[in-house]
Amino acid sequence: MVQRRAARFTLNKYRRTDSVTAMLKTLSWPTLAERRRNARLSMFYKIHHDHVAVDPSQFVTFKNLTTPTRSENTLAYHIPHSRTDYHRTSFFPRTIREWNLLPETVIKAPSPAAFKEALNKLD
């Protein structure tokens with residue numbers, strides 16, 4: 001809803017006959033869900049590489065895989081057990097599920113900027 005209003009504002013097209021879907025295609029903006037996902041994964045990258053003052057060992061445990069599997073990379077984490085949807089969709093469980101599915105080339109990026117660039121190329 002917010003992105004649709006922003007597209008109308010950006011292109012200055014407010015008529016009822018103007019297609020917002022066509023506007024979004026011409027602007028080629030990533031969806032808000034993609035932007036939120038990339039922000040979560042970027043923060044987790046910074047946590048993993050100690051770029052922020054959050055100790056991941058308090059919240060998650062590392063798997064120590066020597067070779068990547070079909071569904072996990074070598075820097076995979078154990079997904080914390082969740083009894084409720086409230087916890088299941090919180091930062092660590094949700095982000096770890098997405099982190100474990102990333103390819104090796106993305107997670108082993110040398111800097112946060114390179115990581116974000118590699119994430120954008122995935123989408």
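Is P30 buried, partly exposed or exposed? In this predicted model, P30 has a relative accessible area of 39% and is therefore partly exposed. P30 belongs to the loop between α2 and α3, where it touches Q3 and R35, residues up to four places away in sequence being left out of the count. The C-alpha atoms of P30 and N120 are separated by 9.2 Å, although the two residues lie 90 residues apart along the chain.

**The first two helices and the loops beside them**

Helix α1, residues 2-11, packs with helix α2, residues 20-27, at an angle of about 75°, and their axes are 9 Å apart. Angles of 65 to 115 degrees count as roughly perpendicular, and α1 and α2 are therefore described as roughly perpendicular to each other. On the α1 side the contact is made by Q3, R4, A7, R8, T10 and L11, which meet V20, T21, M23, L24, T26 and L27 in α2.

Most residues other than glycine have a negative phi. Two loop residues of this model depart from that pattern: N12 has a positive phi near 55°, and S28, also not a glycine, has a positive phi of about 50°. N12 is found in the loop between α1 and α2, whereas S28 is placed in the loop between α2 and α3. N12 is exposed, with a relative accessible area of 59%, and S28 likewise counts as exposed at 59% relative accessibility.

A further loop residue, T67, lies between α3 and α4, the latter comprising residues 85-88. T67 counts as exposed at 52% relative accessibility, and its C-alpha atom is separated by 14 Å from that of L101, which is 34 residues away along the chain.

The table sets out the accessibility of the residues discussed one by one, including S42, to which the text returns below.

| Residue | Relative accessible area | Class |
|---|---|---|
| N12 | 59% | exposed |
| S28 | 59% | exposed |
| P30 | 39% | partly exposed |
| S42 | 7% | buried |
| T67 | 52% | exposed |

**Helices α3 and α5**

The axes of α3 and α5 come within 10 Å and cross at roughly 90°, so that these helices, too, are roughly perpendicular to each other. From α3, the residues R37, R40, L41, M43, F44, Y45, I47 and H48 meet F91, F92, R94, T95, I96, E98 and W99 in α5. Within α5, the residues F92, P93, T95, I96, E98, W99 and N100 are buried, and what covers them includes α3, α4, α6 and α7.

S42, which is placed in helix α3, is buried, with a relative accessible area of 7%. The side chain of S42 reaches the backbone oxygen of N38 at 2.8 Å. Leaving aside residues up to four places away in sequence, S42 touches F115, K116 and L119.

**Helix α7 and its two faces**

Two of the residues touched by S42, F115 and L119, are, together with A118, the buried residues of helix α7, which spans residues 112-122. These buried residues cover an arc of only 105° around the axis, which puts them on the same side of α7. The face turned away from that buried side carries the exposed residues A113, N120 and K121. The elements covering the buried residues of α7 include α3 (32-48), α5 (91-101) and α6 (104-107).

**The largest nonpolar core**

The largest nonpolar core contains 17 residues, of which W99, L102 and F115 touch the most other members. Each of α3, α5, α6 and α7 supplies at least two residues of this core, and the largest share, 4 residues, comes from α3. The surroundings of W99 can be listed in detail: not counting residues up to four places away in sequence, W99 touches L41, F44, Y45, H48, N73, L75, Y77, I107 and F115. Among these partners, L41, F44, Y45 and H48 also appear in the contact between α3 and α5, while F115 is one of the buried residues of α7.

Definitions and conventions: Residues are numbered from 1 along each chain as its sequence is written. This is a predicted model: local features need pLDDT of at least 70, side-chain atom pairs count only at pLDDT 80 or more; totals for chains, interfaces and linings use all residues. Side-chain values use heavy atoms; hydrogens and water are left out. Buried means under 20% relative accessible area, exposed over 50%, partly exposed in between (1.4 Å probe, protein chains only). The arc is that of the directions from the helix axis to the C-beta atoms. Contact means heavy atoms within 4.5 Å. A nonpolar core is a set of buried Ala, Val, Leu, Ile, Met, Phe, Trp, Tyr and Cys residues joined through side-chain atoms within 4.5 Å. A polar contact is a pair of N or O atoms within 3.5 Å; within protein, one must be able to donate a hydrogen and the other to accept it, and residues adjacent in sequence count only if both atoms are side-chain atoms. Axes are lines fitted to C-alpha atoms, for helices over the stretch in contact, and angles run from 0 to 180 degrees between N-to-C directions. Angles under 35 degrees count as roughly parallel, over 145 as roughly antiparallel, 65 to 115 as roughly perpendicular and the rest as oblique.
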